[in-house]
Amino acid sequence: MADVFTQGGTSSLDNVLYRNEVTILGIGNVILRDEGFGVRVAEYLDKHYEFPETVQIVDGGTLGIELTQYVTGTEKLLVIDSINGGAEPGTTFRFHNDDVMEHFQDKLSAHEVGIQDVLGLLTVTGHKIPDVVVIGAQPYDVEAGVELSEGMMALLPQMVEQALTELKNWGIEPVKRDKVDDMDYNKVAEDFSSIR
């Protein structure tokens, strides 16, 4: 990036649009079935739980370096993704801090390259996120289509619980909403704001 630094030596990242203590980032391509798993989990969390104002939920989709503006200044980052770890479909993964960059060095998909670039950029510009956790699962099917496979749909509640556990470890306990309409996983996107 050519203009990361301004003339006075202050990083332009200091002037980001969004600053939240905790960021939940769902990433993936929702038109390649299970590849959109992270986005679907983030949608579920957004729709079924009320979070404190210090928490933002971001539908990162397949954005790359553009995600920098949404995560700069956050203290704790929870990334939810469909992870091709070369394991059996449905295998779940968790990476924490240094393990995250080691995982993303394999550059498994375009959006994972983007996350690696964002985390790398923040580190070299003095904005390293102190606590980063990546959770996800090995996909069953990444063919064209907007619905999750049966196997991945079955994993969705487990991944939601995993996300809630990670948040609880950070002192965040969202409140479950009383009444929620059913989600339609056959849509490209739910009524889900990119930034709450």
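A pocket here is an open set of points on a 1 Å grid over the protein atoms alone, with protein on both sides within 12 Å along at least five of seven lines. Residues are numbered from 1 along each chain as its sequence is written. This is a predicted model, where local features need pLDDT of at least 70, side-chain atom pairs count only at pLDDT 80 or more, and totals for chains, interfaces and linings use all residues, while side-chain values use heavy atoms, with hydrogens and water left out.

**View 1. The largest pocket and its lining.**
The largest pocket has a volume of about 170 Å³, a volume being the space filled by probe spheres set on the grid points. Look for Asn97, Asp98, Val100, Met101, Leu119, Thr123, Lys128, Ile129, Pro130 and Val132 around the pocket; lining residues have an atom within 4 Å of a point. Helix H3 (98-104) and helix H4 (110-124) each supply at least two residues of this lining, and H3 gives the most, with 3 residues. Helices are DSSP runs (H or I, at least four residues), as are strands (E, at least two), numbered from the N terminus. By class, the pocket lining has 6 nonpolar, 2 polar and 2 charged residues.

**View 2. The largest cavity, lined by nonpolar residues.**
A cavity is a set of points where a 1.4 Å probe fits but cannot get out. The count comes to 1 cavity of 30 Å³ or more, and about 30 Å³ of space lies in the largest cavity. Leu25, Leu67, Val71, Leu77, Ile115, Val118 and Leu119 line the cavity. Here H4 gives the most, with 3 residues. The lining divides into 7 nonpolar, no polar and no charged residues. Leu119 is one to find in both views, as one of the residues that line the largest pocket and one of those that line the largest cavity.

**View 3. A salt bridge between distant parts of the chain.**
The structure holds 5 salt bridges, each a side-chain nitrogen of Lys or Arg within 4 Å of a carboxyl oxygen of Asp or Glu. In this view, the side chains of Arg33 and Glu147 meet at 3.4 Å, N to O. Arg33 sits in the loop between E1 and H1, and Glu147 in the loop between strand E6 (131-137) and helix H5 (150-169), 114 residues apart. Arg33 is buried, with a relative accessible area of 17%, whereas Glu147 is partly exposed at 30%; buried means under 20%, exposed over 50%, and partly exposed in between (1.4 Å probe, protein chains only). Asp141 joins Arg33 and Glu147 in a network of salt bridges.

**View 4. A salt bridge within helix H1.**
Arg40 pairs with Glu43, and the closest N and O atoms are 3.1 Å apart. Both residues lie in helix H1, 3 residues apart, about one turn of the helix. Arg40 is buried, with a relative accessible area of 1%, and Glu43 is buried too, at 2%.

**View 5. A salt bridge from strand E5 to helix H5.**
The side chains of Arg94 and Glu166 meet at 2.6 Å, N to O. This pair links distant parts of the chain, with Arg94 in strand E5 (residues 92-96) and Glu166 in helix H5, 72 residues apart. Arg94 is partly exposed, with a relative accessible area of 44%, but Glu166 counts as buried at 3%.

Terms used:
Nonpolar A, V, L, I, M, F, W, Y, C, P; charged D, E, K, R; others polar.
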